[in-house]
Amino acid sequence: MSYELCKITELIHNCSGLLVGAGAGMGVDSGLPDFRGKDGFWRAYPPLSKLGISFEEMANPRWFSENPELAWGFYGHRYNLYQSTNPHVGYRILNNWVKKFKIPSFVFTSNVDGHFVKSGWDQEILECHGSLMRLQCLKNCGQPVWNSNDTKDHTFEICSDTLTCLSPMPKCPRCESLTRPNILMFSDFYWDCRIHSIQEKQLDQWLQKHGTENLLIMEIGAGLHVPTVRFFCESTWKEFNCNMIRVNPRDSQSPTGVISMPIGALEAISKIEEAM
Ligand SMILES: [Zn+2]
């Protein structure tokens, strides 16, 4: 389905609430890798290519017990990257809309980069895979999840040949055990989901308050590879019988009634902004 920018700007102006569902495609325009396919992942992490470890294998909590230096090499590298990268201007444009037009908004994202929080959504957000900006105790000693910035060890020195972490790895402030990022990995039975549960409740309340009248869902860069965001947006769209825009340059096919913008996140947001 082709899109008309004037229709889209009208939907934004008239909505009772804007629900942004964002996947990896939102981050690529900031210059972040999306780990799409083995080759994409290995281009970003040559040492893991040498070891033959795929993203699905690497994103597994067992590395923290079996090879903590490699586990923190991988996650420490990503932490450094997400911290040192600025969210692209599309984040600021979105934030300007909700401020300028006083639109209640909520973000549902699978991205663990913390970039929506950096861009102003520190409360109205559900990070469905957690966040690399938070830590949890590997031993689950009872210490509540905490922000990575709260600890002194918040930058990592990583060996570029072996991807091992050379700097001290963050310790639990309560029991001194090793920590891990508070993100949902594969085969992950130890993810501390308490913050996630709080965020879920907040989203529920937000939807009851702002979703029942004239909700607008804007799904951005959420593909079929890990389809959590896409499924959530589609099921919410059906449940609330509302309007939805899908921004996706690759997996742009959409159910009838959904407006599809088959272009990248930043390009789509910029085009809408120009038409505003
Ligand atoms: Zn602990």
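1. In this predicted model, the zinc ion has a tetrahedral arrangement, because its 4 donor atoms subtend angles of 102 to 115°. The donors are the SG atoms of Cys-137, Cys-141, Cys-172 and Cys-175, which coordinate the zinc ion at 2.2 to 2.3 Å. For comparison, the ideal angle for four tetrahedral donors is 109.5 degrees.

2. Along the sequence, the donor residues of the zinc ion follow the spacing C-x3-C-x30-C-x2-C. The pair Cys-141 and Cys-172, which are 31 residues apart, links distant parts of the chain: Cys-141 lies in the loop between β4 (130-137) and β5 (146-147), and Cys-172 in the loop between β5 and β6 (179-183).

3. As to solvent exposure of that pair, Cys-172 is buried, with a relative accessible area of 0%, whereas Cys-141 counts as partly exposed because its relative accessibility is 23%, and buried means under 20%.

4. Turning to the sheet, 6 strands with parallel pairing form an open sheet in the order β3-β2-β1-β7-β8-β9. Its edge strands, β3 (125-127) and β9 (259-261), each pair on one side only, and the twist from one strand to the next averages 15°.

5. Within this sheet, strands β7 (residues 215-220) and β8 (residues 243-247) run parallel and are joined by 5 bridges; Leu-216 has Asn-243 in β8 as its bridge partner.

6. Among the helices that pack on the sheet, α8 (residues 89-100) touches β1 (17-22), β2 (105-109) and β7, and the direction of α8 makes about 170° with that of β7. Helix α12 (residues 265-275) also packs on the sheet, where it touches β7, β8 and β9, and its direction makes about 140° with that of β7.

Key:
Residues numbered from 1 in each chain as written. Predicted model: local features only at pLDDT ≥ 70, side-chain atom pairs only at ≥ 80, totals over all residues. Heavy atoms only, no water. Donors = N, O, S within 2.8 Å, 3.2 Å for Na, K, Ca; no water. Tetrahedral: all angles 85-135°; square planar, octahedral: opposite > 155°, others 65-115°. Helix = DSSP H or I, 4+ residues; strand = E, 2+ residues; numbered from the N terminus. Buried < 20%, exposed > 50% of the residue type's maximum accessible area, 1.4 Å probe, protein only. Pairing = 2+ DSSP bridges. Axes fitted to C-alpha atoms, helices over the stretch in contact; angles between N-to-C directions. Contact = heavy atoms within 4.5 Å.
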